[in-house]
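Please open the structure in your viewer, with a selection panel at hand and side chains ready to be switched on. The tour goes from one selection to the next, and each stop says what is to be found there.

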Amino acid sequence: MPRVPPSDAPAILERNLEAVQTRIDAACRRVGRDPDEVTLVAVTKYVDSSIAQFLVDLGHSDLAESRPQELWKKAAEVAGDVRWHFVGHLQTNKVKRTLPLVSLAHSIDRMDLATEVSKEASKSGSAVRSLLEVKLTNEESKHGFEPHEVRSRWMDLLQLPGLQIVGLMGMAALEADDGACRAAFRSLRSLRDILKTPDHPLPILSMGMSDDFEIAIEEGSTHVRIGSALFEGLMNDS
Ligand SMILES: *Cc1c(COP(=O)(O)O)cnc(C)c1O
């Protein structure tokens, strides 16, 4: 359970949200970007539905989960106008139940998932707005396409009828310093610039988390996925 009395939670959340938004605005200003180009995606995995609900009640609609079961649960429990994002590793046997809930899938991280998502979406004649997750580091633990794999499979990926690829997602290494983060984000943006065409402009770059979102914004991020900075003081097990 959160450490604070439930009655304090909305005020704490409002303060955290304002602080994060101020930092987003400042990062945009440093590089001459319009803050409206950057979507704050609130990763709710550290908090209960009640806290996620407060955020929605504050007018924030972009929420994300990294585990399918948590997404199913919160999507059922949180009321209001929510756009759910999925940002984690998705097993193919969970695609069917997860897709209908998701407005943007950030983590299409391998060919068999891309194929399964497309197959499932095609059944209802729809296409899932998706980002390809690209591995930007050599960490064994990270999921994602290798950059060269995205390029070699690009035509195959574009031909999947149920997958609407609108951009790329990537993460810096866990222990990366600012320079390494910046280099990782820059490489994702370059890959996007290489792949994009007038037919497939790939407007979305999902990069940046609590520890590195300002650098990500300076490097062109359009979607920052933020958990701990937003829910500081409200997280379970903290
Ligand atoms: C947990 C998570 C985040 C948010 O992490 P914080 O560092 O707490 O902001 C972002 N993206 C993914 C894929 C995550 O799993």
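The stops begin at the ligand and then move on to single residues elsewhere in the chain.

Bear in mind that this is a predicted model, in which local features need pLDDT of at least 70 and side-chain atom pairs count only at pLDDT 80 or more, whereas totals for chains, interfaces and linings use all residues. Residues are numbered from 1 along each chain as its sequence is written, and side-chain values use heavy atoms, with hydrogens and water left out.

**The ligand and its shell**

Select the ligand together with Val43, Lys45, Tyr46, Ser66, Val87, Met171, Met209, Ser210, Arg225, Ile226, Gly227 and Ser228, which are the residues around it; a residue is near a molecule if one of its heavy atoms lies within 4 Å of it. This shell divides into six nonpolar, four polar and two charged residues, where Ala, Val, Leu, Ile, Met, Phe, Trp, Tyr, Cys and Pro count as nonpolar, Asp, Glu, Lys and Arg as charged, and the others, Gly among them, as polar.

Now show the side chains of Lys45, Tyr46 and Ser210. An N or O atom in the side chain of Lys45 is 2.7 Å from an oxygen atom of the ligand, a polar side-chain atom of Tyr46 lies 2.8 Å from a ligand oxygen atom, and for an N or O atom in the side chain of Ser210 the distance to an oxygen atom of the ligand is 2.5 Å. On its own the ligand has 390 Å² of accessible area, of which the protein covers 89% (Shrake-Rupley method, 1.4 Å probe).

**Gln53 and Gln69**

Move next to helix H2 (residues 49-57) and select Gln53; helices are DSSP runs of H or I with at least four residues, strands are runs of E with at least two, and both are numbered from the N terminus. Gln53 is buried, because its relative accessible area is 17% and buried means under 20%, exposed over 50% and partly exposed in between (1.4 Å probe, protein chains only). A polar atom of the Gln53 side chain lies 2.7 Å from the backbone nitrogen of Ala79.

Gln69 is in helix H3 (residues 68-77), and at 44% relative accessibility Gln69 counts as partly exposed. Add Ser152 to the selection: Gln69 and Ser152 are 83 residues apart in sequence and 33 Å apart in space, C-alpha to C-alpha.

**Three loops and a helix**

In the loop between helix H1 (9-30) and strand E1 (39-43), select Asp34, which is partly exposed at 38% relative accessibility. A polar atom of its side chain lies 2.9 Å from the backbone nitrogen of Asp36.

Ala127 is found in the loop between helix H5 (111-123) and strand E5 (128-134), and its C-alpha is 28 Å from that of Ile217, with their positions 90 residues apart in sequence.

Ala180 belongs to helix H7 and is partly exposed at 37% relative accessibility; Ala180 and Thr137, 43 residues apart in sequence, are 9.7 Å apart from C-alpha to C-alpha.

Which non-glycine residue has a positive phi of about 50°? Select Leu202, which has this phi although it is not a glycine, in the loop between helix H7 (178-195) and strand E7 (204-206). Leu202 counts as buried, at 1% relative accessibility.

Note on methods. A polar contact is a pair of N or O atoms within 3.5 Å; within protein, one must be able to donate a hydrogen and the other to accept it, and residues adjacent in sequence count only if both atoms are side-chain atoms.
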